[in-house]
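Please open the model in your viewer and keep the sequence panel beside it. The tour below proceeds by selection, with a short account of what is found at each stop.

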Amino acid sequence: MKLNPKQLAVSAALLGLLAAGAALPAAAASPISAPAAITFPWSPVAAESVETGDYAPTMTVGTAQQLSPVVQPQKAASRNGVSYVSDNPNIVSVGEDGVAQAVGLGTANITATCGDVSCTYTITTQPDSTMIATEMDITLASSTIAVGDTTSLSLAVLPTTAANYISVSLSSSDPGVATVNNFGKVTGVAPGKATITATAGDVTCSATVTVVATSSSSASTGPVESISLNTNYIVLKPGASGTITGSVAPSSASQKLTFTSKDKKIATVNGSGVVTGVATGATSIIVSNGKVSSSVTVIVNRTASASSSGTDSTGEGTAPAETDPIVASIENAASDTISYPQSQVPVLTTAMLNALRTTGRTLVLEAEDYTLTVDGSTIRNTTSEVNTALTFAPDEYGLRFTLNEGEAMPCGVTITMTGENAGYSRLYLHNTVSGKWQFLNSYKDGVAHADVAGEYLLTNQNLRFTSINWTFFIGAGILVVACLIAYVAVKKRYWFW
């Protein structure tokens, strides 16, 4: 068959298009004989494997980390999604977005599942600085007791919040002289001296008890002398002062008392028993009349809210330490809920968080277009502060705001939108790993429960982010055009010539 020039031109064009189609990737231009190799964007993709990827196996209580499982093939994660489950959420909890929060002490396993395959993250938590005792001081109610008599001891711990978590063991250097039980009760067994030691991890402290014979067993020794003090401990801020007073029984004993500070870098004391805080820490003031002695624990910290465990016999008392009015309000509230304008509490300090956690009360802060609520029973730690100010900025989808300026959250908060902000129906959290907005199911009727710091979005839109492989469509289009030209050339329908 003889082809004219027009037929030759059409044939050449046809061959060029077929060559271009053959040069495309196999996924975009699969041979007609192998249609199984062609996948559509909406086709289901089964996950073949899931691996943990890089993550921190050890976390400090109160911190969070983003879990990023590696799914093969990669499209399986976006098509099927990844679900997360913790076998012990009281130790490590996990959200729908894969953010793990260290809540308590221990080990937890988090399982990430995509389709029919899964992987497991094993995470062990460790205490934060507020849960570890750095200093302790032991004080005996009476440093001298008779055989058969008892006395009690008190223990001061720094930081004070560590007292809720540490395990303390008590022991006597000579149980033949004095014994001590787990509740701090010291019993005299025989005349002599014994050292009572308290141990919590690597921190120890001790006090000496003197056991004397009873008057009935040794009348020649005379009556037993003892010192009674107006307080067992004093809590001060640096620069504040308190007074220790005491008396010796019997009244015929020497009433001249001397006062000695065991660490003058923390607290000093003068001859009249006036104690002055110098620097944060704990120490003891030894009170003695030359024969018997006792001690008073002095704790110096910047958030002191109590000054003494007792009242001065002279009526003067111990000089009260300054305290934050918000902290005082939380500690002395008549109800379980305390409300303030947000402008009066721009930052929840560690002292406020500690007061809320200790009392279990709820703090409500009311702003112009939102209300922020903190439940003291949900506070995990008090090492970091919470910025209560939320600034809303317009966004193409709605309104943006940042929670706690992106810093770690020591607890969860409830945010109730008011005014115009209550008109939005959906809440998203910006996932810094994927760079996309993550929808939160914890938002309903204008109320959000958030425990992750970061950037949030209020919107009425249903945001969906998908990626399309346009190579497939381009390749398919070229093949369709090539087939059309071939058909026209074979049938010799040159109506467009």
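A residue is called buried when its relative accessible area is under 20%. By that cut-off, 40% of the 497 residues of the protein chain count as buried in this predicted model.

**The whole chain**

Begin with the complete chain in a cartoon representation, where the secondary structure comes to 5 helices and 39 strands. If you turn on the surface, its accessible area is about 25700 Å², and 54% of this belongs to carbon and sulfur atoms. Among the contacts with a separation of 6 or more, 61% are between residues 24 or more positions apart.

**Strand β9 and its partners**

Next select β9 (117-126), and show its side chains. Val 117, Cys 119, Tyr 121, Ile 123 and Thr 125 point to one face and are buried, whereas Ser 118, Thr 120, Thr 122, Thr 124 and Gln 126 point to the other face and are not buried. Such a pattern is expected because side chains in a regular strand alternate between the two faces of the sheet.

Add strand β8 (residues 107-114), which runs antiparallel to β9 and is joined to it by 8 bridges; one of the bridge pairs to pick out is Thr 113 with Ser 118. The two strands form a hairpin with 2 residues between them, and in the turn Gly 115 has a positive phi of about 65°. Then add strand β2 (residues 58-60), which pairs with β9 in the parallel sense over 3 bridges, with Thr 60 facing Gln 126 as its bridge partner.

**Two cysteines**

Stay in this region and select Cys 114 and Cys 119. Are they buried or exposed? Cys 114 counts as buried because its relative accessibility is 0%, and Cys 119 counts as buried because its relative accessibility is 7%. A disulfide requires two cysteine sulfur atoms within 2.5 Å, and by this rule the count comes to 0 disulfides. Cys 114 is in no disulfide, its nearest cysteine sulfur being that of Cys 119, 9.8 Å away; likewise Cys 119 is in no disulfide, and its nearest cysteine sulfur is that of Cys 114.

**The loop after β9**

Move on to Thr 130, in the loop between β9 and β10 (135-140). Thr 130 is buried, with a relative accessible area of 9%, and its side chain makes a polar contact of 2.7 Å with the side chain of Asp 128. Beyond its neighbours within four places in sequence, Thr 130 is in contact with residues that include Pro 159, Tyr 165, Arg 357 and Asn 381.

**Ser 86 in β5**

Now select Ser 86, which lies in strand β5 (residues 83-86) and counts as buried at 13% relative accessibility. A polar atom of its side chain lies 3.2 Å from the backbone nitrogen of Asn 88, and one lies 2.6 Å from the backbone oxygen of Val 92. Not counting residues up to four places away in sequence, Ser 86 touches Val 92, Val 94, Ala 108, Asn 109 and Ile 110.

**Asn 270 between β23 and β24**

Finish at Asn 270, in the loop between β23 (267-269) and β24 (274-277), where this residue counts as partly exposed at 37% relative accessibility. What does the side chain of Asn 270 reach? The side chain of Asn 270 reaches the backbone nitrogen of Val 274 at 2.9 Å, and a polar atom of that side chain lies 3.0 Å from the backbone nitrogen of Ser 272. For a last distance, Asn 270 and Phe 259 are 11 residues apart in sequence and 6.9 Å apart in space, C-alpha to C-alpha.

Note on methods:
Residues numbered from 1 in each chain as written. Predicted model: local features only at pLDDT ≥ 70, side-chain atom pairs only at ≥ 80, totals over all residues. Heavy atoms only, no water. Buried < 20%, exposed > 50% of the residue type's maximum accessible area, 1.4 Å probe, protein only. Helix = DSSP H or I, 4+ residues; strand = E, 2+ residues; numbered from the N terminus. Polar contact = N/O pair within 3.5 Å; in protein donor to acceptor, adjacent residues only side chain to side chain. Contact = heavy atoms within 4.5 Å. Areas by Shrake-Rupley, 256 points an atom, 1.4 Å probe, with all protein chains shown as cover. Pairing = 2+ DSSP bridges.
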